[in-house]
Structures are given as structure tokens and as C-alpha cells.
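Student: I should like to take a close look at a single part of this model and then see how the surrounding parts relate to it. Please begin with one residue and proceed from there.

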Amino acid sequence: MAKKEHVSETPATALLRAQGVAFTEHPYEWLEHGGAQHSAQVLGFDPFAVVKTLVMEDEKARPLIVLMHGNRKVSTKNLARQIGAKSVEPCKPEVAHRHSGYLVGGTSPFGTRKAMPVYIEETILGLPRILINGGRRGYLVGIAPQVCVRLLAARPVRCALEE
């Protein structure tokens, strides 16, 4: 029997455990610029069920998090319109790190350094289970998507674009 690979605790997994959330661990070989498509392929999951955590900011440089399907892009125009902002754009990696406390490629919406509003693509909530970053590059956790609403007060939006 293969030994289960142990992954050390992250702020994200500590929060999930403290809240009593059951999750599965999915470590994989991280690839620079591989993104959710790479992790889905390596782990054998549908990229639609692998959720990206994107740190963005509005026109006043206020940070926010968007949870998006691994094989979709964010329509920043549609997102801005729905959240009452003039514009939204992705943060530069160093700014995203400052807000979240995580390195780009290892950003989890759970256990972030700063509390930020979280928006979730509405269709993610219809999935039975999602894989989302567990707070480290090359490490996803499997959870029910409703956990994002319960723990993060994630608000549903419709801003997905086909890649």
C-alpha cells in the first residue's frame, strides 16, 4: 500500500480544520505558469471543477478575491458592473502576496492575511465538489463549494468567459 504523502499545515488548512470542514488533500508537482489546467491534468480532474483563487483590485486599489473555474477567465467588465465598481483588474504578484500572504500559484481564499470580499462564479456552487488551493504551490484541497459561502461569505457573480 502506498504511503499517503504528508503535507504540512498552511493557514488555509488550519482554518478549515478549526471550522470542522472535511477536506481531501491533493499534492502535485507544481509547474510555473501551469495553472489550474496543469493541476487538473496531473491529478485527473475536470478543470471546470478546479477553482482558481484570483486576487484583484478595484479602481480605488481595494483588494478582492474572485473564485473562478480553472478553464474560464474573468470578464472584469462584467465583474465590475455586478459589484458596483468602475473597474477591476488583477493585482501584480507582489501586491497579491501582500494582501493574501500567499505566493501566486499557491493562493488560497482561506486564511488570508487581510480580510477581503470574495466573489464566486455562480456555476461553481452547482458542483458537488471542487478542488481549490490549500495555501501552497502544488497543493489543492477538495471541499464542497458551499464551504466558500459559509466561511468566506462568498457572493455569487456571473463573469466567466471561455478560455
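Student: Is His33 buried or exposed, and what is its relative accessible area?

Tutor: The model is a predicted one, and every value below is computed from it. His33 is exposed, its relative accessible area being 78%. Its place is the loop that runs between β1 (24-27) and α2. The backbone of His33 deserves attention as well: phi is near 65°, a positive value in a residue other than glycine.

The loop between β1 and α2 also holds Tyr28, for which the accessibility result is the opposite. Tyr28 has a relative accessible area of 13% and is therefore buried, the limit for that class being under 20%. If residues up to four places away in sequence are not counted, Tyr28 touches His38, Ser39, Val42 and Leu43, together with Gly138, Tyr139 and Leu140. Asn78, by contrast, lies 50 residues from Tyr28 in sequence and 33 Å from it in space, C-alpha to C-alpha.

From this loop one may turn to the largest pocket, since α2 (35-43) is among the elements that give two or more residues to its lining; the others are β2, β4 (72-74) and α4. The volume of this pocket is about 810 Å³. Its lining consists of 34 residues, and those nearest its centre are Gly35, Thr53, Leu54, Val104 and Gly105. The greatest contribution comes from β2, which supplies 7 residues. Sorted by class, the lining residues are 16 nonpolar, 11 polar and 7 charged.

Helix α4, one of the lining elements, spans residues 93-100, and its buried residues are Val95, Ala96, His99 and Ser100. Viewed down the helix axis, these buried residues fall within an arc of 120°, so they line one face of α4. The cover over them includes β2 (50-58) and β3 (63-69). Strand β2 thus appears twice in this account, as part of that cover and as the element that gives the most to the pocket lining. Just after the helix, Gly101 adopts a positive phi of about 85°.

Strand β5 (residues 88-90) contains Glu89. This residue is partly exposed, with a relative accessible area of 47%. Leaving aside neighbours within four places in sequence, Glu89 is in contact with Met56 and Glu57. The C-alpha atoms of Glu89 and Pro63 are 9.7 Å apart, although the two residues are separated by 26 places in sequence.

A second positive phi in a residue other than glycine is found at Ala153, where the angle is near 55°. Ala153 sits in the loop between α5 (146-152) and β9 (155-157). It is exposed, with a relative accessible area of 53%.

Finally, the record may be set beside the model. An unreviewed UniProt entry places the feature "domain: YbaK/aminoacyl-tRNA synthetase-associated" at residues 37-147. Over that range the chain is 23% helix and 34% strand, and the end C-alpha atoms lie 23 Å apart.

Conventions. Residues numbered from 1 in each chain as written. Predicted model: local features only at pLDDT ≥ 70, side-chain atom pairs only at ≥ 80, totals over all residues. Heavy atoms only, no water. Buried < 20%, exposed > 50% of the residue type's maximum accessible area, 1.4 Å probe, protein only. Helix = DSSP H or I, 4+ residues; strand = E, 2+ residues; numbered from the N terminus. Arc of directions from axis to C-beta. Contact = heavy atoms within 4.5 Å. UniProt positions renumbered as here; feature names shortened; annotations may be inferred. 1 Å grid on protein atoms, 1.4 Å probe; cavity = no way out; pocket = protein on both sides within 12 Å on 5 of 7 lines; lining within 4 Å. Points joined across faces, edges and corners; volume = space filled by probe spheres on them. Nonpolar A, V, L, I, M, F, W, Y, C, P; charged D, E, K, R; others polar.
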